[in-house]
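Here is a short tour of a protein chain for someone new to reading structures. Have a look at it first, then follow the notes below.

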Amino acid sequence: DYYEVYRSTKRYSGYTNTPFYKTQFGLKRYYTNTKDLKAGTRYYYKVRGVRVIDGKKYYTEWSNKAWRKAK
């Protein structure tokens with residue numbers, strides 16, 4: 001089991017099809033973003049869980065979107 005983190009600078013769009021960050025299988029349950037931040041920019045995040053059963057991926061519902069402004 002692991003989590004996929006997606007990031008955008010737009011509130012309702014701009015998320016790519018590939019995750020911005022993936023946790024390692026079952027080892028990490030949090031993420032602190034320090035990668036490629038621009039001061040004063042607001043970043044929006046959404047997260048979903050992934051479970052692999054017999055080689056097939058099953059996804060959870062998307063999390064609520066969260067945002068943070070870079071300092």
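## Buried and exposed

Of the 71 residues in the protein chain, 24% are buried. Keep in mind that this is a predicted model. The chain exposes about 5,800 Å², and carbon and sulfur atoms supply 48% of that area.

## The overall layout

What pattern does the chain follow when you read along the sequence? It goes β-β-β-β-β. In other words, you'll find five strands and zero helices. If you put a box around the C-alpha atoms along the principal axes, it comes out at roughly 45 × 25 × 20 Å.

Now think about which parts of the sequence meet. Looking at contacts with a separation of 6 or more, 54% are between residues 24 or more positions apart. Charges are worth a glance too: there are 18 positive and 5 negative ones, and the mean positions of the two groups are 12 Å apart.

## An aromatic pair

How many aromatic pairs does a search of the whole structure find? The search turns up one. The partners are Y6 and W62, arranged edge-to-face, with 5.0 Å from centre to centre and 80° between the planes. The angle counts as edge-to-face because it is over 60 degrees.

Y6 sits in strand 1 (residues 2–8), while W62 is in the loop between strand 4 (56–59) and strand 5 (66–69), so the pair ties together parts that are 56 residues apart in sequence. The two partners also have their own surroundings: Y6 is buried, at a relative accessible area of 3%, whereas W62 is partly exposed, at 37%.

## Around V47

W62 shows up again when you look at V47, a residue in strand 3. Setting aside neighbours within four places in sequence, V47 is in contact with Y3, E4, V5, E61, W62 and S63.

Is V47 buried or partly exposed? With a relative accessibility of 27%, V47 counts as partly exposed, because buried means under 20%. You can also check the distance from V47 to K65: their C-alpha atoms are 7.9 Å apart in space, and the two residues are 18 apart in sequence.

## A loop residue, T23

Y3, one of the contacts of V47, also has a link to T23. The backbone nitrogen of Y3 lies 2.9 Å from a polar atom of the T23 side chain.

Where is T23? It lies in the loop between strand 2 (21–22) and strand 3 (42–53). Even in that loop, T23 is buried, with a relative accessible area of 7%.

Definitions and conventions. Residues are numbered from 1 along each chain as its sequence is written. This is a predicted model: local features need pLDDT of at least 70, side-chain atom pairs count only at pLDDT 80 or more; totals for chains, interfaces and linings use all residues. Side-chain values use heavy atoms; hydrogens and water are left out. Helices (H or I, at least four residues) and strands (E, at least two) are DSSP runs, numbered from the N terminus. Buried means under 20% relative accessible area, exposed over 50%, partly exposed in between (1.4 Å probe, protein chains only). Contact means heavy atoms within 4.5 Å. Accessible areas come from the Shrake-Rupley method with a 1.4 Å probe; for residues, only the protein chains shown count as cover. Lys and Arg count as positive and Asp and Glu as negative; His and the chain ends are not counted. The place of a charge is taken as NZ of Lys, CZ of Arg, CG of Asp or CD of Glu. A polar contact is a pair of N or O atoms within 3.5 Å; within protein, one must be able to donate a hydrogen and the other to accept it, and residues adjacent in sequence count only if both atoms are side-chain atoms. Rings of Phe, Tyr and Trp (its six-membered ring) pair if their centres lie within 6.5 Å; planes under 30 degrees apart count as stacked, over 60 as edge-to-face and the rest as tilted.
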